[in-house]
Amino acid sequence: MTEHLPARSRLVHDSLRAAGIAGDIVVLPDAASTAALAAAALGIEVGAIANSLVFWSDGEPLLVMTSGAHRVDTAALAHRLGRTSITRATPEQVREATGQAIGGVAPTGHPRPLVTVIDEDLAGFDEIWAAGGTPHTVFPLTYDELVRLTGGTVAKVD
């Protein structure tokens, strides 16, 4: 059933099923490595895209799931979380932390769980879409499922 999926997406699929999330991973014909591209490919509002952004904070990776309509205010978020600083992770740090490439980072399917923050504004959508482990794969889920799946802290991120 998942044979058509890339190896990284199969890991995401297995993690979704283990969490009781039924959304299927969709393989897009073109890369959807940005929220705007993903929204256009799916015919949805850009705000309903749950961008998976990896940052480096206090010596560890930090996954921020933000609405595609937002930019993360790293200084404000660091202050809200009581962290020294939050900076964009390098492509190498992203790959090491998630096993996935920038543009396709999923909220799950990583080598080990990541500290995760979830944009509170994603709660305004009945269905949200996240990357499925590659720039060509995405999957639907609800806000509550995203919070449960990641064990994330809900916060204002912009």
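1. Let's start with the pocket. This is a predicted model, and its largest pocket holds about 460 Å³ of space. The lining counts 29 residues, and those closest to the pocket's centre are Ser33, Asn51, Ser52, Leu53 and Arg88.

2. What is that lining made of, by class? Nonpolar residues number 18, with nine polar ones and two charged ones making up the rest.

3. Which element gives the largest share of the lining? That would be strand 2, with seven residues. Strand 2 isn't on its own, though: helix 2, strand 6 and strand 7 also each put in at least two residues. If you're finding your way around the model, helix 2 covers 35-42 and strand 2 covers 49-57, while strand 6 is 128-131 and strand 7 is 137-141.

4. Now for how those strands sit together. Strand 2 and strand 6 run parallel and are joined by two bridges. On this side, look for Ile49, which stands opposite Trp129 of strand 6. Strand 6 also pairs with strand 7, but here the strands run antiparallel, with four bridges between them. Ala130 has Phe139 of strand 7 as its bridge partner.

5. While you're at that pair, have a look at the turn. Strand 6 and strand 7 form a hairpin with five residues between the strands, and Gly133 there has a positive phi near 105°. Another glycine with a positive phi is Gly82, at about 70°, found just after helix 3.

6. At the other end of helix 3 (residues 74-81), what caps the N terminus? Asp73 does the job: one of its side-chain oxygens lies 3.3 Å from the backbone nitrogen of Ala75.

7. Gly47 deserves a point of its own. This glycine belongs to the loop that links helix 2 to strand 2. Is Gly47 buried or exposed? It counts as buried, because its relative accessible area is 4% and the cut-off for buried is under 20%.

8. Who are the neighbours of Gly47? Leaving aside residues up to four places away in sequence, Gly47 touches Ser67, Gly68 and Ala69, and also Leu122 and Phe125. Arg80 is another matter: it is 33 residues from Gly47 along the chain, and the two C-alpha atoms are separated by 22 Å.

Conventions:
Residues are numbered from 1 along each chain as its sequence is written. This is a predicted model: local features need pLDDT of at least 70, side-chain atom pairs count only at pLDDT 80 or more; totals for chains, interfaces and linings use all residues. Side-chain values use heavy atoms; hydrogens and water are left out. Buried means under 20% relative accessible area, exposed over 50%, partly exposed in between (1.4 Å probe, protein chains only). Contact means heavy atoms within 4.5 Å. A polar contact is a pair of N or O atoms within 3.5 Å; within protein, one must be able to donate a hydrogen and the other to accept it, and residues adjacent in sequence count only if both atoms are side-chain atoms. On a 1 Å grid over the protein atoms alone, a cavity is a set of points where a 1.4 Å probe fits but cannot get out, and a pocket is an open set with protein on both sides within 12 Å along at least five of seven lines; lining residues have an atom within 4 Å of a point. Grid points are joined across faces, edges and corners, and a volume is the space filled by probe spheres set on the points. Ala, Val, Leu, Ile, Met, Phe, Trp, Tyr, Cys and Pro count as nonpolar, Asp, Glu, Lys and Arg as charged, and the others, Gly among them, as polar. Two strands pair if DSSP finds at least two bridges between them.
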